[in-house]
Amino acid sequence: MTDALIEELRAAYDAQLRGVSTPGPGREVTCDGPLTRVTGGHRGLITGPRDLGLRGAALDELIARQREFWAARGEAVEWKTRGHDLPGDLPERLRAAGFVPEERETVVIGESAALAATTVRLDPGLSIRRIEDRADLERLAALQSEVWREDFGWLAEDLAGRIAAGPRDIAVLAAEAGERMVSAAWLVLNPGTDFGGLWGGSTLAAWRGRGIYRALIAHRARLAAERGVRHLYVDASEDSAPILGRLGLTAVTTTTPYVWTPGG
């Protein structure tokens, strides 16, 4: 992959994915200066352009205003940063204001058509199906909680709302061994852009190394390609990034959520 192509992909990412095109049901999108804010989810979201256009005290004032906004709501908020954001001292200023960094992930981008051509032979007894039923979504949320050892109880309601609001723009998939759900992932399309997002991709520890993750990538890529969506992107964990690299996705930057929680 040439540096020029990486720059081209990063530029497309910056141009098309810095806002919020699919906020989800019950969410409200507002702006404060260069920032886009989303309320109404399990926690708030802040995102912005690559260069906020503010420096020093003016940037500190913007950060403090966001903290005060969510403090008044009594809600936690995630400020989504990228590794090539400007100004370069934004992470330092967020930490000084009480925002806590979570795990850094790698943003990777691939061509839907190429990923759709990936062939994965699953073990006998394993199957992949699209799910929409609330009971299945509850099982998916329980799976996520087990894999990540974190409470994802909110996820079933979130996905159900997204499916109800825009069924053509989301596809939730489950990999099953008989009646047991062993992995799950979903595709979210971003209307008006060339991109679809690959989310979830969580597999129970005992079922890893069997090609399930790659099969879910290929399945979602086919759905995206059928809709004419050119690119797929992933905020990849440390475990997932090498697999995605071998499948042909290209790292273009990193992303780190900085989270502020009422009461610290």
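Two strands count as paired if DSSP finds at least two bridges between them. Keep that rule handy for the exercises, and remember that this is a predicted model.

**Exercise 1. Work out which strands pair with β12, and in which sense.**

Step 1. Start with strand β5, residues 100–101. It shares 2 bridges with β12, and the rule asks for at least two, so β5 makes the cut. The sense of this pairing is antiparallel.

Step 2. Go on to strand β4, residues 77–82. Here 6 bridges link β4 to β12, again running antiparallel.

Step 3. Finish with strand β6, residues 105–111, which is joined to β12 by 5 bridges and is antiparallel to it as well.

**Exercise 2. Find the residues that face each other across these pairings.**

Step 1. Look up W79: its bridge partner in β12 is Y258.

Step 2. Now try P101, which also stands opposite Y258 in β12.

Step 3. For V107, the residue opposite in β12 is T253.

**Exercise 3. Decide whether β12 is mostly covered or mostly open.**

Strand β12 covers residues 250–260, and 9 of its 11 residues are buried. Buried here means under 20% relative accessible area. The strand is therefore mostly covered.

**Exercise 4. Place T39 and describe its surroundings.**

Step 1. T39 sits in strand β2, residues 35–39.

Step 2. Is T39 buried or exposed? Its relative accessible area is 5%; the cut-off for buried is under 20%, so T39 is buried.

Step 3. Skip the neighbours within four places in sequence, and T39 has contacts with G26, R27, E28, F69, W70 and R73.

Step 4. Take R73 from that list. T39 and R73 lie 34 residues apart in sequence, with their C-alpha atoms 9.4 Å apart in space.

**Exercise 5. Judge how compact the whole chain is.**

Step 1. Count the elements: the protein chain has 8 helices and 12 strands.

Step 2. Compare the radius of gyration, 19 Å, with the 18 Å that the globule rule gives for 264 residues. The two are close, so the chain is as compact as a globular protein of that length.

Step 3. Add the dimensions: the C-alpha trace spans about 60 × 45 × 30 Å along its principal axes.

Step 4. Check the burial: 47% of the 264 residues are buried.

Step 5. Look at the contacts between residues at least 6 apart in sequence: 72% of them join residues at least 24 apart.

How values were computed. Residues are numbered from 1 along each chain as its sequence is written. This is a predicted model: local features need pLDDT of at least 70, side-chain atom pairs count only at pLDDT 80 or more; totals for chains, interfaces and linings use all residues. Side-chain values use heavy atoms; hydrogens and water are left out. Helices (H or I, at least four residues) and strands (E, at least two) are DSSP runs, numbered from the N terminus. The radius of gyration is taken over C-alpha atoms; the globule rule is 2.2 Å times the number of residues to the power 0.38. Buried means under 20% relative accessible area, exposed over 50%, partly exposed in between (1.4 Å probe, protein chains only). Contact means heavy atoms within 4.5 Å.
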